[in-house]
Amino acid sequence: MIKSNVAELLNSDKIAHEVHVKGWVRTFRSNRFIALNDGSTINNIQCVIDFENTEEETLKHISTGAAVAITGTLIESQGKGQKVEIQTSKIEILGTSNPEEYPIQPKKHSLEFLRENAHLRIRTNTFAAVMRVRARLSFAVHKYFTENGFYNFHAPIITGSDAEGAGEMFKVSVFEPNEAPKTEDGSIDYSQDFFGKETNLTVSGQLEAETYAMALGKVYTFGPTFRAENSNTTRHLAEFWMVEPEVAFMDLDGNMDLGEDFIKAVIDDVLVNCKDDIEFLEQRLLQEEKSKPANERSEMSLIDKLKFVTKNNFMRVSYTEAIDILRDSKPNKKKKFKFPINEWGADLQSEHERFLVEKHFKCPVILFDYPADIKAFYMRLNDDGKTVRAMDILFPGIGEIVGGAQREERLDVLKEKIAALGIDEKELWWYLDTRKFGTAVHSGFGLGFERLVQFVTGMGNIRDVIPFPRTPQNADF
Ligand code: 4AD
Ligand code: MG
């Protein structure tokens, strides 16, 4: 007989039909009722056992976590809480699960405990919901760009360049640490290494994406990126996924429009296609909020927050305006900021970003035209000579979700910038070629995929929205 999944059966009108499902036991109550889940939906299907005709040995092995195959008749449910259930005629234990040892019991586990059991946490409602939403968001990203004329481009993961110039890279080498050959001056001789040069894991696919945009017009990369920054926060990972569109002939205004439209589209997609999971996550968040002091609770429910973002314009504010707002703000005057804002040129910290978004504007904010000194080398210099065409999109509860820019397309200006930063021009010869041959205005951005998943699912810690998080001192599994 054809196997059905639980999602299909719960929506099915095949009452009185014989059905066959496989899944894992979530709970087993009164030696009679199995709540079965197979991952296809947040909801379980109730399977009623005919325990008089079920062998003792089989009954003994029906426990939380066990894998079972069930054959039976789909009937209208007698009990509350579900429309249909399965009157089981045959149950086969596929894989037992010793209840004494199985860590995921049908009770509330802390997120910390579940993080230590990341290989099993996906068997809980919360993580299954988060990861289904994550999967759908990923699809929505590809769908959005494909439908809007972008080509997906696979940026290399091992690179010889440092796109962000922040130097927070993981080295890639085949040398044994103690046996690496040395040059005359005692430094490591990478010319003898696998690639014949120093290489690292990419921090961003942008520079390579730019070369592709200058031929295919509109491209995007969506891949893993790596940063060896020692940030133990709820918003940083050492390995995360970034969505990076890059578009030829598009300026910063176009870039802001694209960023806003893109984020709204993918959120709309999950609101429609992950309804049950989002509703579950909304309830989860509500419970979590209850344990917080009243003044820290969110004023909006998860779904209201998501709809608010899709329905309202993001506020576009220049860095200079933002500094004025921050300088005159209450927390700044009352010295509540850890990093007080005194003058133009200050780098914005997460506390400032969150003040602007959560307290001042109360909506997503796009900050643009940052001081050149605090941004990467590739951003286009404005006519004022001191700001660059950068943009960051800031989200409530998250802070920066997108970082992007109109790129410096003028070869001479770019070369000057590179020289001023002490970067060796030869390392970027191929990048500079895009400015030598048919250069054009172009722009793009990077969206931190996990931060988006955090926002959409309402999860407070970024470690809970990626299957196996990599953070300082932690690369288990
Ligand atoms: O602002 P970032 O550093 O921008 C770039 O890398 C550009 N080259 C992107 C581009 O223009 N194509 O990073 C982009 C986004 C951030 O806004 C943030 O959402 C996310 O990536 N991000 C991180 N997410 C999780 N953990 C980290 N350590 C992150 N660092 C950045
Ligand atoms: Mg940034």
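This is a short tour of a predicted model, going from its ligand to its salt bridges and then out to its surface.

**Around the ligand**

Let's start with ligand 1. Its shell is made of 24 residues, and the closest are E164, Q206, R227, E244 and E400. Sorted by class, that shell holds eight nonpolar, eight polar and eight charged residues.

A few contacts are worth looking up in the structure. R407 has a polar side-chain atom 2.9 Å from an oxygen atom of ligand 1. Y378 comes in through its side chain, with an N or O atom 3.4 Å from a nitrogen atom of the ligand. F445 uses its backbone instead: a polar atom there is 3.4 Å from a nitrogen atom of ligand 1. How much of the ligand does the protein bury? On its own, ligand 1 exposes 630 Å², and the protein buries 94% of that.

Which elements give two or more residues to the shell? They are strand 11 (239-248), strand 15 and strand 16 (442-448). Strand 15 gives the most, with five residues.

**Salt bridges**

Side chains of opposite charge can pair when their charged atoms come close. In this model the count comes to 25 salt bridges. Here are three of them, each with its closest N to O distance.

| Salt bridge | N to O distance |
|---|---|
| R407 and E210 | 3.9 Å |
| R389 and D369 | 3.2 Å |
| R380 and E409 | 2.8 Å |

Take R407 and E210, which form a salt bridge. R407 sits in the loop between strand 15 (399-406) and helix 12 (411-420), while E210 belongs to helix 5 (residues 206-216), so this pair ties together parts that are 197 residues apart in sequence. Both R407 and E210 are buried. The two also belong to a wider network of salt bridges, in which they are linked with E246 and R435. Remember that R407 also has that polar side-chain atom 2.9 Å from an oxygen atom of ligand 1.

Next come R389 and D369, whose side chains meet in a salt bridge. R389 is in strand 14 (residues 387-395) and D369 in strand 13 (residues 365-371), so the pair ties together parts that are 20 residues apart in sequence. Are these two buried or exposed? R389 has a relative accessible area of 18%, and the cut-off for buried is under 20%, so R389 counts as buried. D369 is at 15% relative accessibility, so D369 is buried by that rule as well.

The third pair in the table is R380 and E409. R380 lies in the loop between strand 13 and strand 14, and E409 lies in the loop between strand 15 and helix 12, so their salt bridge ties together parts that are 29 residues apart in sequence. R380 is buried, and E409 is too.

**Out at the surface**

Now for the outside. I157, I158, V174, F194 and F195 make up a nonpolar surface patch of about 490 Å². One of its members, F195, is in the loop between strand 8 (171-172) and strand 9 (199-201). F195 has 42% relative accessibility, so it counts as partly exposed.

Another residue to find is E112, in helix 3 (residues 111-116). E112 is partly exposed, with a relative accessible area of 48%. For a sense of scale, the C-alpha atoms of E112 and I418 are separated by 44 Å, and these two residues are 306 residues apart along the chain.

Methods: Residues numbered from 1 in each chain as written. Chains lettered and ligands numbered in written order. Predicted model: local features only at pLDDT ≥ 70, side-chain atom pairs only at ≥ 80, totals over all residues. Heavy atoms only, no water. Patch = residues over 30% accessible without salt bridge, like charges linked within 9 Å, V, L, I, M, F, W, Y side chains within 5 Å. Areas by Shrake-Rupley, 256 points an atom, 1.4 Å probe, with all protein chains shown as cover. Salt bridge = Lys/Arg side-chain N within 4 Å of Asp/Glu carboxyl O. Helix = DSSP H or I, 4+ residues; strand = E, 2+ residues; numbered from the N terminus. Buried < 20%, exposed > 50% of the residue type's maximum accessible area, 1.4 Å probe, protein only. Near = heavy atom within 4 Å. Polar contact = N/O pair within 3.5 Å; in protein donor to acceptor, adjacent residues only side chain to side chain. Nonpolar A, V, L, I, M, F, W, Y, C, P; charged D, E, K, R; others polar.
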